[in-house]
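Grab a coffee and work through these exercises with the model open beside you. Each one sets a task and then walks through a solution.

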Amino acid sequence: MLRQKSIIILGGIILLTLIVLSLMTQFFVDWLWFDALGYLAVFQKTYLAKIGLFLVATLLSFAFLFLNGFLVHRFTTPRHQIRQVFTDPTELRTIPDLVQYLGSRLPWIWIIAGITFVLGLFIGIGEIRNWEVFLQYLYQVPAGKVDPLFGKDLSFYLFSYPAYLALKNWLFTLLILTILLSGGLYWLKGEITFAERVSLSSNLPLIHLSSLVGGVFLVKAWAYILDRYSLLYSERSVVFGASYTDVTLVLPVLSFLTGLAILTALLLFATAYFRTYKLPLVAIALLLGSVVLLRSLLPTFYQQYWVKPNELTRERPYIQRNIAMTQEGYNLTQITTAPFTAAGDLTADILRQNAPTIDNIRLWDGEPMRDTYRQLQSIRLYYEFKDVDVDRYYIDGKYQQVMLAVRELNQSLLPPDAQTWINQRFKFTHGIGLTMTPVNLKNDEGLPIFYIKDIPPVATYPELEVSEPRIYFGEEDSSYVVVKGAITEFDYPKGKENVYTTYQGTGGVPIGSLFSRLLFAWHLKDINLLITGNIVADSRILLYRNLQERIRRVAPFLLLDRNPYPVLYQGKIFWIQDAYTTSSYLPYSTRLEGRRFNYIRNAVKIVVDAYNGSLHFYIADPTDPIIQTYQAIFPTLFRPLAEMPAELRAHIRYPEDLFQIQAQMYRLFHMTDPEVFYNKEDLWEFPKENFGGELITMRPYYIIMRLPGEEKEEFILLLPMVPRNRDNMIAWLAGRSDAPHYGRLIVYEFPKERLVFGPSQIEARIDQNTEISQQLSLWNQMGSRVIRGNLLVIPIDDAILYVEALYLRAEQGHLPELKRVIVSYGERVVMRDTLQGALDTLFGPAKAPAVATYPGPDREEAPQINRTAQQALEHYNRAMESLKEGDWARFGAELEAMRAILQELAASGLSQP
């Protein structure tokens, strides 16, 4: 028996020791990691908030629970007569026997202390999750705007109201547990017995438990007061927020229930003096009945039979509030609207005037381009392109839209016999380089032209030179690695040989000391870190190498955009991550379906160094009260956007996730007239398009274009809109990315009396075109798969141009080739080898070609002869078009022009024609 007890005690000590060690190692690892990043103050503030909240909740809970348990123990004694002395617990047969045994053998005060401490501990652990709510409450910054019902500053709802809800829930939990604990102790002591009915041996349980239940009803009264504010998130009516029923009926009912709950609590407290529980029971029954009747049944009846027959009239002011606050919540108030008649007549001269727009029409889509990158630029099986992003750069003096992807290393793609511990932790530590291609160019094989390619990266233009191509931190779900070890790292393959390197950066945490090795071996559950001989004094361990995981560890309160994107800056690769502040507590603001929040701001831009892993947080929206509050909490974490290097700041863009959320809400909330809103008369939808043979919802896309009324082209995010249940276009939404207009949204609306073809209608016209459908059928019959790219709607001046690329891929292959470009304008749809060829067919010869081919991607002189080759090829294409149309005069002129250009090219000595 003694041996069994000793084993149990020893096991408990070992378990407790392991838990303490795990917590301590986690603490020290986080301390070292945050310190290496330069954000130790952030860790300290966060940790102290969690510990402080845990200790306060635990100690207060324990004190209250123990005080009540102690009172029960102090003023009661076991009521059972001891008939015999039990020496063996196995002899216990009945509940009274158990009570006698517990009352005579166990130290009650220690049992009570143990139980209440464990309960307090669990309550404290549960409250740790509210550390952000606690800090927001303490450091809240006024929003400067008030809600339309109670007139309170919006900061009350963003910061104070969630804290009050958390406090209310804690009080409820504490009181309920105290009632259960006290009642259980009274039962064990024999003060409460259960036979045919509940009987009390004295008035003490009645007085004590009644007081506790009275406390519950006092908290319930406070809950009814808070429920007044919860009406601002009601979904009872056609609007989100307090409706006619809520304001005229439920609000007074809540005031009545608050008073009734207070009265019930007072009657329960008075039980200590009157020593009767009949009157409090009547009050409790009255309260419960009122809740069922007045809080549930009556509002439903009132809404159905009084409000709905005249719903629009009664709900009009509340609909107006819902519209205004939803626009505030999603920052739709900053949207400006402008007319777009689509009555313009495009000509070759107009296209020439908009050459930067034409030259940047994206012919390559993300999926085909990623497949192409993987086939042509992965170089080795263990390299992977996680995503293809779109950005803009000044290249050769021109503002150009490009597609780029980072070549990351995926250790899971190593051959199985190469996935050793040394390889995974010391040898294969990083990816290398990136690829970059213009969005509108292809070679004569239908493959992209590379501005940056190969390993190590080779750049076509000096401004794109990559001096530090190594990727230690990126989008891959990478595990930890150790750098600056005794063995060199694999850098990149070079023919049959490999090139090796040693990390020269400042990232990571030092792991050279014995203490650090013990610490990380325990934390990572990897004994090899302790026994390996490859760790030296200068060695560093790189943790949390996935950039989004890395950011979340520092700022878990930020919602991250799904798509971080790489930027080439001063020869190094950086990541830019958009981050949002959100809240679920903005009054009257409708929640987007599938989302928990009803307030969002793109408040932060985060820059991550792909080599060192450093993080820099820049405030992009200083007017946001949430980010102002977090800045007050963590003053060393955030910087003004103006402190971001200008070259990096030139690459920030309107984030796609936010744009899509705002567009989704604007579909409905562009209607500001309550009657129009109520009837959903002008509801918009996202258009459909045919992509890859499937009908999908069109997604926003980036494009370089000149907005109506502006003097120069800019990088924007664009999405067309169509009316509900119709296919014609009704508007297009543009998000601006370039300074000084960054972050602004513009909606261009088409006249409702004018038909403007929508994307699905253009897709239908493409399907109905005999020449195109015959060619597609022929390709499909030849064992190739035709991939239809994204349809781009491109506003030019006051007209709309539609462009769609066609890719050809072998049935069993994975290398798509850009073979045709379809262009539609007005009533015409044409398909040609190049965009310029299609434009020439529609509008006549253009001076400046947009898409060209040159002899091949590997010719060193290709960039130099590119412009001349473009001109020659386009003359050839126009000559072929003239031949088909029987225009012999133009045919001869185009051939003569092409011959002259080729002679000039040959005479230059750069290349033989």
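Is Asp-609 buried or exposed? Asp-609 is buried, at 5% relative accessibility. For these labels, buried means under 20% relative accessible area, exposed over 50%, and partly exposed in between, with a 1.4 Å probe and protein chains only.

A bit of housekeeping before we go on. This is a predicted model, where local features need pLDDT of at least 70 and side-chain atom pairs count only at pLDDT 80 or more, while totals for chains, interfaces and linings use all residues. Residues are numbered from 1 along each chain as its sequence is written, and side-chain values use heavy atoms, with hydrogens and water left out.

**Exercise 1. Get the overall picture of the chain.**

Step 1: look at the secondary structure, which comes to 26 helices and 33 strands. Helices (H or I, at least four residues) and strands (E, at least two) are DSSP runs, numbered from the N terminus.

Step 2: check burial, and you get 54% of the 913 residues.

Step 3: turn to contacts, meaning heavy atoms within 4.5 Å. Among contacts with a separation of 6 or more, 65% are between residues 24 or more positions apart.

**Exercise 2. Find the partner of Asp-609, then trace two other salt bridges.**

Step 1: know the rule, which asks for a side-chain nitrogen of Lys or Arg within 4 Å of a carboxyl oxygen of Asp or Glu. The count is 30 salt bridges.

Step 2: Asp-609 pairs with Lys-572, at 3.1 Å from N to O. Lys-572 sits in strand 19 (residues 572-583) and Asp-609 in strand 20 (residues 599-609), 37 residues apart, so this pair links distant parts of the chain. Unlike buried Asp-609, Lys-572 is partly exposed at 21%.

Step 3: move on to Asp-30 and Arg-553, whose side chains meet at 3.2 Å, N to O. Asp-30 belongs to helix 1 (residues 2-37) and Arg-553 to helix 17 (residues 547-554), so the bridge ties together parts 523 residues apart in sequence. Asp-30 is buried at 11%, and Arg-553 is partly exposed at 31%.

Step 4: try Glu-771 with Arg-832, where the closest N and O atoms are 3.7 Å apart. Here helix 23 (residues 770-781) holds Glu-771 and strand 33 (residues 828-832) holds Arg-832, so parts 61 residues apart in sequence are tied together. Glu-771 is partly exposed at 46%, while Arg-832 is buried at 14%.

**Exercise 3. Locate the nonpolar cores.**

Step 1: use the rule that a nonpolar core is a set of buried Ala, Val, Leu, Ile, Met, Phe, Trp, Tyr and Cys residues joined through side-chain atoms within 4.5 Å.

Step 2: the largest such core has 220 residues, and Leu-464, Phe-617, Leu-801 and Val-823 have the most contacts inside it. Helix 8 (residues 244-274) gives the most to this core, with 11 residues.

Step 3: zoom in on Phe-617. Leaving out residues up to four places away in sequence, its contacts include Tyr-39, Ile-551, Leu-558, Val-604 and Leu-637.

Step 4: a second, separate core has 19 residues, including Trp-108, Leu-174, Ile-179 and Val-216.

**Exercise 4. Spot the unusual backbone.**

Step 1: keep the background in mind. Most residues other than glycine have a negative phi, and most peptide bonds are trans.

Step 2: pick out the cis bonds. One joins Ile-455 and Pro-456, with omega about -10°, and Pro-456 falls in the loop between strand 9 (452-453) and strand 10 (458-459). Another joins Ala-739 and Pro-740, with omega about 5°; Pro-740 is in the loop between strand 28 (731-736) and strand 29 (745-749).

Step 3: look for positive phi. Ala-342 has a value near 55° and lies in the loop between strand 3 (336-339) and helix 11 (348-353). Gln-570 has about 50°, in the loop between strand 18 (565-569) and strand 19.

Step 4: compare their surroundings. Ala-342 is buried at 13%, whereas Gln-570 is exposed at 57%.
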